[in-house]
Amino acid sequence: MKKFVVVMISAIVLFAFLMIDYLVWDKERLQNQRESDKIEQDWLRGQNRILSTTVDELEEANKKLEEEVASQKKELSELEEELREARQKESDYLQEKQKQKEALDTFKGILKEDVKQIAQKWFSSITQKAYQDSFAFLDKDFTLWGKSYEEKEYIDLISHINSISLAEKSGSGQDSVFTILSGGEPDVIQAGVMVDAYIEEDSKEFLPHLVNGINTLEVGFIYNKDKESWVILYVVTKK
């Protein structure tokens with residue numbers, strides 16, 4: 001009986017010891033678990049703060065981007081409006097310029113007979129060998145086939161022409177013999193002129209731009225305020 005009691009007491013003591021040891025171990029485990037959980041929670045809170053910060057930064061960046069896009073759209077809209085206005089101004093300018101050109105061409109057409117008479121008088125004075133008189137019909141900046149001449153040089157050159165005059169009426173009428181050309185400088189009247197010219201024998205080298213017979217010339221006229229008359233500014237051969 002004593003042995004049974006001793007065995008039971010020993011068993012109880014051993015059980016109690018095991019329970020105490022288990023409780024101590026479980027307490028340590030729980031303590032470690034809490035510390036581990038706390039570390040994990042701290043890490044999660046840190047990650048959450050990082051994510052929150054990142055989200056805020058992304059939202060701020062997105063907001064700035066939206067503002068930049070809106071600003072660029074506004075600038076683009078303003079540029080498009082400026083472009084439309086510039087195109088409209090260009091269109092208005094071109095229309096106005098065309099109207100002025102048409103008005104100027106009309107005005108030049110009205111003066112056709114005046115400049116035609118100057119050309120006829122010039123041709124006539126050359127044919128009549130009145131070379132000094134013919135020089136008076138020329139502007140001070142006159143050029144003949146692209147070259148300027150002093151009076152003596154001009155007379156030496158022009159004296160190789162035996163005769164020159166407006167061509168006879170062509171099949172389409174006299175208007176095709178002397179035609180006002182459109183365009184050119186505003187203060188210059190340009191005319192297409194068909195002439196019947198004949199040069200002295202062996203003078204071809206001096207007047208390579210003229211042939212015996214019909215020649216088509218372009219003659220430019222400019223108004224001389226001192227003479228109060230139109231004068232000849234240039235003469236070239238039209239091909």
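**View 1. Confidence from one helix to another in this predicted model.** Helix H1, covering residues 2-110, has the lowest mean pLDDT among the elements of the chain, at 72. At the other end of the scale sits helix H3 (residues 131-135), with the highest mean, 96. For the chain, the average pLDDT is 82, and 79% of the residues score at least 70.

**View 2. The order of helices and strands along the chain.** Here you can count four helices and seven strands. Reading from the N terminus, the pattern is α-α-α-β-β-α-β-β-β-β-β.

**View 3. A look along helix H2 (residues 112-127).** Helix H2 has 16 residues, so at 1.5 Å a residue it should span 22 Å. Its end C-alpha atoms lie 23 Å apart, in agreement with that expectation. Just after H2 comes Lys129, where phi turns positive at about 65 degrees.

**View 4. Buried side of the story in H2.** Which residues of H2 are buried? They include the aromatic pair of names Trp122 and Phe123, along with Val115, Ile118, Ala119 and Ile126. Lys112, Lys116 and Ser125 are buried in H2 as well.

**View 5. Surface and contacts of the whole chain.** Zooming back out, buried residues account for 25% of the 239 residues in the chain. The chain exposes about 17,400 Å², and carbon and sulfur atoms supply 56% of that area. Take the contacts between residues at least 6 apart in sequence: 57% of them join residues at least 24 apart.

Terms used:
Residues are numbered from 1 along each chain as its sequence is written. This is a predicted model: local features need pLDDT of at least 70, side-chain atom pairs count only at pLDDT 80 or more; totals for chains, interfaces and linings use all residues. Side-chain values use heavy atoms; hydrogens and water are left out. Helices (H or I, at least four residues) and strands (E, at least two) are DSSP runs, numbered from the N terminus. The expected span of a helix is 1.5 Å times one less than its number of residues. Buried means under 20% relative accessible area, exposed over 50%, partly exposed in between (1.4 Å probe, protein chains only). Contact means heavy atoms within 4.5 Å. Accessible areas come from the Shrake-Rupley method with a 1.4 Å probe; for residues, only the protein chains shown count as cover. pLDDT is the predictor's confidence in each residue, from 0 to 100.
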